[in-house]
Amino acid sequence: MANLPQLIEEDIARLERELRELVEKSDATTALIIDKAGFLIASEGDREQFDLTTIAALASGAYMANQTIASLVQEPNFNSIYHQGEKSSLLVMSVDDNCLLTVIFKAQVGVGAVKYYAGPAVKRIAVQL
């Protein structure tokens, strides 16, 4: 796995603005940018309700396990995973070779709406990274 580029304060501020916009538009609870090793890079939304460090590590692990499943079914890549719960749901999308976007949202919010706003956000985040 390649190393992340060095991010400066301005980069983090732009990433946080992008996450804030995603949270507002999609009615998500929290959005995170994590590296594929599971380290939290940036977050926006409700930071108190969840243990974001642990969620980042576990979301990365789930995504990487999903990639292994993809290869077992001769699929080159599954670019996202979705976990649906009774109260909260979680969407993890690949940003680039190094990072993931993780969005936590109320179960009543449709995953389609979150994907609709997350798709363009992923592209803008990738450019910033």
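Let's start with who touches whom: of the contacts in the protein chain with a separation of 6 or more, 48% are between residues 24 or more positions apart. Keep in mind that this is a predicted model.

**The overall layout**

What is the chain built from? It has three helices and five strands, and reading from the N terminus the order is α-β-β-α-β-β-β-α. The radius of gyration is 14 Å, close to the 14 Å that the globule rule gives for 129 residues, so the chain is as compact as a globular protein of that length. Along its principal axes, the C-alpha trace spans about 40 × 35 × 25 Å.

**Inside and outside**

Of the 129 residues, 43% are buried. The accessible surface of the chain adds up to about 7300 Å², and carbon and sulfur atoms hold 51% of that. As for charge, the chain carries 11 positive and 17 negative charges, and the mean positions of these two sets are 5 Å apart.

**Salt bridges**

Side chains of opposite charge can pair when their charged atoms come close. How many salt bridges does a search of the whole structure find? The search turns up six. Here are three of them, with the N to O distance for each:

| Positive partner | Negative partner | N to O distance |
|---|---|---|
| Arginine 124 | Glutamate 18 | 2.7 Å |
| Arginine 20 | Glutamate 44 | 3.4 Å |
| Arginine 124 | Glutamate 21 | 3.9 Å |

Take arginine 124 and glutamate 18, whose closest N and O atoms are 2.7 Å apart. Arginine 124 sits in helix α3 (residues 111–128) and glutamate 18 in helix α1 (residues 9–26), so this pair ties together parts that are 106 residues apart in sequence. Arginine 124 is partly exposed, at 38% relative accessibility, while glutamate 18 is buried at 13%.

Next come glutamate 44 and arginine 20, which also form a salt bridge. Glutamate 44 is in strand β2 (residues 40–45) and arginine 20 is in helix α1, so here a strand and a helix are tied together across 24 residues of sequence. Is glutamate 44 buried or exposed? With a relative accessible area of 11%, glutamate 44 is buried. Arginine 20 counts as partly exposed, at 35%.

Arginine 124 has another partner too: its side chain meets that of glutamate 21 in a salt bridge. Glutamate 21 belongs to helix α1 and arginine 124 to helix α3, so the pair links parts 103 residues apart in sequence. Glutamate 21 is partly exposed, with a relative accessible area of 31%. Which residues end up in one network? Through shared salt-bridge partners, Glu18, Glu21, Lys25 and Arg124 are all joined together.

Notes
Residues are numbered from 1 along each chain as its sequence is written. This is a predicted model: local features need pLDDT of at least 70, side-chain atom pairs count only at pLDDT 80 or more; totals for chains, interfaces and linings use all residues. Side-chain values use heavy atoms; hydrogens and water are left out. Helices (H or I, at least four residues) and strands (E, at least two) are DSSP runs, numbered from the N terminus. The radius of gyration is taken over C-alpha atoms; the globule rule is 2.2 Å times the number of residues to the power 0.38. Buried means under 20% relative accessible area, exposed over 50%, partly exposed in between (1.4 Å probe, protein chains only). Contact means heavy atoms within 4.5 Å. Accessible areas come from the Shrake-Rupley method with a 1.4 Å probe; for residues, only the protein chains shown count as cover. Lys and Arg count as positive and Asp and Glu as negative; His and the chain ends are not counted. The place of a charge is taken as NZ of Lys, CZ of Arg, CG of Asp or CD of Glu. A salt bridge is a side-chain nitrogen of Lys or Arg within 4 Å of a carboxyl oxygen of Asp or Glu.
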